[in-house]
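Q: I would like a close look at one part of this model, a strand and the strands beside it, and then at how the rest of the chain is arranged.

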Amino acid sequence: MKIDDMVEEFRSRLDYLQKRPVRVKSKEQFARIKLDYFEEVRDAQKKGKSVVWVVWSVPSEILVALDLVVFIPEQYSIQMSTVSPELTMGYIELAQAHGMADEICRPHQSTTGMAISREVITPDCLISSTVPCDSYLMLFEVCSNIYKRPTFYLHIPTAAWETPGEEQVEYYQRQLEELIRFLEEHTGRRMDPARLREVAEISRKTNNYHVRIQQELRKAVPAPLTGREGISSFGILYHCRGRPEALEYYETLYQEKKESAERREAPLAEEKYRVGWVGALPYWKLTILDWMKKEHNTEVVLDINNSMPEPEIEEGLEPLQVIARRVLGYPGLRICYPYSAWREGFLHNCREFKLDAMILYGHPGCANLGGVYNMMKNDLRERLGIPTLTIDGDPIDPRVVSLEEQRRRIEDFLVTVVKK
Amino acid sequence: MSTRTYIGKFEDIVRDRFEVARAERGDRKAIGWISDFVPLEVVYAAGMLPVRVVGTGGLTPRASAVLYSNNCSFVCSYVEEGLKGTYDFLAGFVAADSCMQNRRGFDVWSNHVKTPFVHLLNVPNSVSELTRGFFRNEVRVFKERLEEYFAVDISSGSLSRAVGVYNRTRSLLKQLALMRTTTPPRLSGTEALVVSTAGTFMDPERYNKLLEELVAELSRGQVESAGPDGVRLLLVGSEVDDMEFVRLLEGSGGVVVADDLCTGTRYCREQVDTTGDLLGALSDYYLTRSPCPRMSPAMVRLERIGEIAKSLKVDGVIFQKIKWCHIHGGSCPVVKDYVEGLGLPFLLLEREYHLAGSGQLKTRVEAFYEMVRR
Ligand code: SF4
Ligand code: SF4
């Protein structure tokens with residue numbers, strides 16, 4: 001599986017969508033963005049563009065403003081597992097043969113294997129970040145060592161007691177200034193302040209649409225978008241923040257779904273169960289969400305992206321302030337902080353989203369959330385009366401727990417515990 | 001008194017660590033700590049006793065009920081002791097989020113063990129002017145919270161005295177570390193580890209006295225060798241406070257002449273600078289001293305491993321990791337690559353926090369020594 005195959009994958013998805021009797025603009029936009037993105041990655045070096053490997057929490061706006069190509073190797077390896085599982089398993093084996101421990105997050109094992117095999121685009125430099133997890137930090141050390149390329153390290157200040165305040169925003173902002181200097185030095189690009197302002201403004205607007213989709217629309221009963229749409233919509237944000245096409249996509253998606261909500265139209269008109277899903281997902285079979293909808297009238301309305309309130313970002317801020325606020329306010333990032341920092345916000349959203357049940361998804365490679373699952377479960381039961389299923393699986397490896405087994409556990413839970 | 005009798009004193013302290021810590025506390029408050037990024041001097045300057053929170057290595061049914069199946073056995077073990085009430089003499093619990101597992105260990109401890117005062121320090125993973133400033137602020141906030149919560153004043157005089165005491169500890173431990181490097185060593189790796197671990201449960205001034213006696217004894221020059229000459233090893237990886245593990249390595253024909261462990265010599269390599277702003281110097285010391293793998297870039301640590309290996313003429317490197325330790329498990333390929341690049345044999349061992357399944361481990365270690373000797 002090469003980047004060319006990924007390009008083909010999205011080209012055929014786009015063709016398919018364009019030939020549907022009822023065409024949905026946001027879906028086509030999504031596929032188009034993905035297609036263009038993979039073409040950009042494929043052609044980067046031919047066009048003399050620098051490629052930067054980043055952790056997903058690294059703000060792509062900075063790279064977009066510098067006209068650099070953003071590459072998130074973990075996201076790519078997850079995507080690859082959905083189209084070429086055999087290759088993914090091969091990469092995992094290769095990583096283990098090079099000393100990577102079996103218990104490391106499998107997308108990271110597969111990324112390591114991919115890097116060792118050199119069957120992926122070579123980075124000109126890398127940007128690591130302390131959040132989401134240690135496993136990611138180590139992955140970037142390993143990749144930095146394989147490619148021997150300069151690496152920048154971002155530190156996300158995690159506060160145990162409060163949501164990030166101005167002090168944390170300023171600290172992160174100053175790191176972004178250092179990041180810009182690093183990228184200028186290692187890629188030869190120069191940051192144009194006007195361009196950065198423009199990109200940050202696009203990102204701010206995009207983010208606000210995203211926040212409304214996640215916090216406002218998914219809360220509606222019935223939810224106007226499926227769990228799968230809600231979760232997948234995030235897929236392009238990691239690499240496209242600050243680009244006009246991302247703004248167009250989120251604006252379209254928001255308008256489409258808002259209209260549906262106003263008409264009380266929903267993919268699942270009679271929601272028997274509204275469920276939260278925290279942790280990773282079996283990305284290799286996201287159809288599990290469709291199955292929950294179809295077989296059990298169950299919609300996933302809350303996941304890490306809206307697991308706690310997220311404020312919109314106001315106008316008139318400095319570009320780096322916009323970006324820092326955006327990064328530090330994102331629930332998918334804050335859920336990696338100490339539990340005390342997000343406990344109340346999490347319970348607030350579980351209540352507001354009218355959840356009937358919660359699924360906490362663990363996998364052997366993730367020490368990030370497993371340690372707090374028990375506390376979340378107790379809080380949900382004692383404070384909100386919401387039952388919880390803790391289930392094991394893996395984001396990319398079906399060998400860890402089969403799809404059938406995962407379905408069986410979910411079914412038992414819905415039928416015997418949540419039953420209404 | 002023979003050297004081995006001196007070492008016996010430290011062994012007793014490690015064995016009876018919970019009782020020792022309770023007794024050492026006296027009339028003071030005791031503050032438990034996790035992760036060696038916690039600035040112990042601040043606690044000591046507040047007139048309190050810092051006590052390292054560890055486990056015992058037994059089964060962890062209580063911890064398993066509140067943690068997840070992939071939490072490392074070190075975290076499970078200390079949480080188990082917390083839940084059992086072993087640490088009910090603590091007035092506070094302080095952790096640094098040096099790894100994800102510890103961060104979640106802190107969450108669980110705060111929620112279930114209910115030590116009156118809890119605090120978590122957030123540690124950057126690289127060193128720059130910016131991150132130094134951040135961590136200085138973290139240490140300042142920690143100091144102020146201690147002062148406010150316990151209504152104490154941590155004066156610059158008391159801080160200076162505390163830094164002096166701990167600097168003395170570090171310098172004594174450094175002298176001992178050097179005594180491991182002779183051929184044959186005056187102090188075995190197991191003994192060195194016993195000695196450094198004992199100090200984490202004691203009043204540092206009393207500990208310094210014991211260290212001074214031991215150093216004096218070892219310096220007299222007529223010390224029996226710590227054991228037979230064996231394969232000279234550098235031990236790296238997850239924390240080790242399990243003497244049986246190092247004993248196994250040394251009992252099978254190796255001698256641990258050096259380590260790069262947070263529970264070993266990494267602790268004593270540098271001193272806190274006492275010439276300027278003390279709180280700043282203290283936080284700088286904790287952030288910048290010999291790094292562990294959670295600090296980037298890895299090259300700083302790798303070069304240090306290389307220097308130790310070269311200067312102490314080690315025959316091989318043993319990298320041990322506690323199962324589910326993502327920091328060490330994830331960093332292994334980089335260390336392996338580097339060590340093998342130096343032409344040194346490398347062995348990866350996976351273990352639990354306290355030894356289990358030693359038969360298999362022994363076989364692997366012996367096979368490694370065989371390979372090194374060939
Ligand atoms: S699933 Fe867990 S271990 Fe893997 S990248 Fe996400 S937070 Fe890290
Ligand atoms: S053994 Fe590893 S995972 Fe466990 S507390 Fe230590 S560094 Fe963290």
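Which residue in E3(A) is the bridge partner of A:Val54?

A: The model is a predicted one. In E3(A), A:Val54 has A:Ile127 as its bridge partner. The contact belongs to the pairing of strand E1 of chain A (residues 51-54) with E3(A), where the two run parallel and are joined by three bridges. E3(A) also pairs with strand E4 of chain A (residues 151-154), again in the parallel sense, over four bridges. In that pairing A:Leu126 stands opposite A:Thr151 of E4(A).

Strand E3 of chain A spans residues 125-129, and five of its five residues are buried. The burial extends to both faces. One side carries A:Cys125, A:Ile127 and A:Ser129, and the other carries A:Leu126 and A:Ser128. A:Ile127, the partner of A:Val54, is thus placed on the side with A:Cys125 and A:Ser129, while A:Leu126, which faces A:Thr151, is on the other side with A:Ser128.

Elsewhere in chain A there is an open sheet of four strands, in the order E6-E5-E7-E8, with parallel pairing. Its edge strands are E6 (298-302) and E8 (388-392), each of which pairs on one side only. Neighbouring strands in this sheet are turned against each other by 30° on average, direction ignored. Strand E7 (residues 357-362) of chain A is joined to E8(A) by five bridges in the parallel sense, and A:Ile359 stands opposite A:Leu389 in E8(A). Two helices of chain A contact the sheet. Helix H17 (residues 370-384) lies across E5 (273-279), E7 and E8, and runs at about 175° to E7(A). Helix H18 (residues 403-418) touches E5, E6, E7 and E8, with its direction at about 170° to that of E8(A).

The largest nonpolar core has 173 residues, and the members that touch the most others are A:Trp53, A:Ile62, A:Leu183 and A:Trp342. Helix H7 of chain A (residues 134-147) gives the most to this core, nine residues. A second, separate core of 82 residues includes B:Val20, B:Ile154, B:Tyr267 and B:Tyr369. Leaving aside residues up to four places away in sequence, A:Trp342 has contacts that include A:Met308, A:Leu369, A:Met376 and, from the other chain, B:Arg104.

Finally, the shell around ligand 1 includes A:Cys105, A:His108, A:Cys133, A:His363 and A:Cys366. By class, this shell holds three nonpolar, five polar and one charged residue.

Notes. Residues are numbered from 1 along each chain as its sequence is written. Chains are lettered from A and ligands numbered from 1 in the order in which they are written. This is a predicted model: local features need pLDDT of at least 70, side-chain atom pairs count only at pLDDT 80 or more; totals for chains, interfaces and linings use all residues. Side-chain values use heavy atoms; hydrogens and water are left out. A residue is near a molecule or strand if one of its heavy atoms lies within 4 Å of it. Ala, Val, Leu, Ile, Met, Phe, Trp, Tyr, Cys and Pro count as nonpolar, Asp, Glu, Lys and Arg as charged, and the others, Gly among them, as polar. A nonpolar core is a set of buried Ala, Val, Leu, Ile, Met, Phe, Trp, Tyr and Cys residues joined through side-chain atoms within 4.5 Å. Buried means under 20% relative accessible area, exposed over 50%, partly exposed in between (1.4 Å probe, protein chains only). Contact means heavy atoms within 4.5 Å. Two strands pair if DSSP finds at least two bridges between them. Axes are lines fitted to C-alpha atoms, for helices over the stretch in contact, and angles run from 0 to 180 degrees between N-to-C directions.
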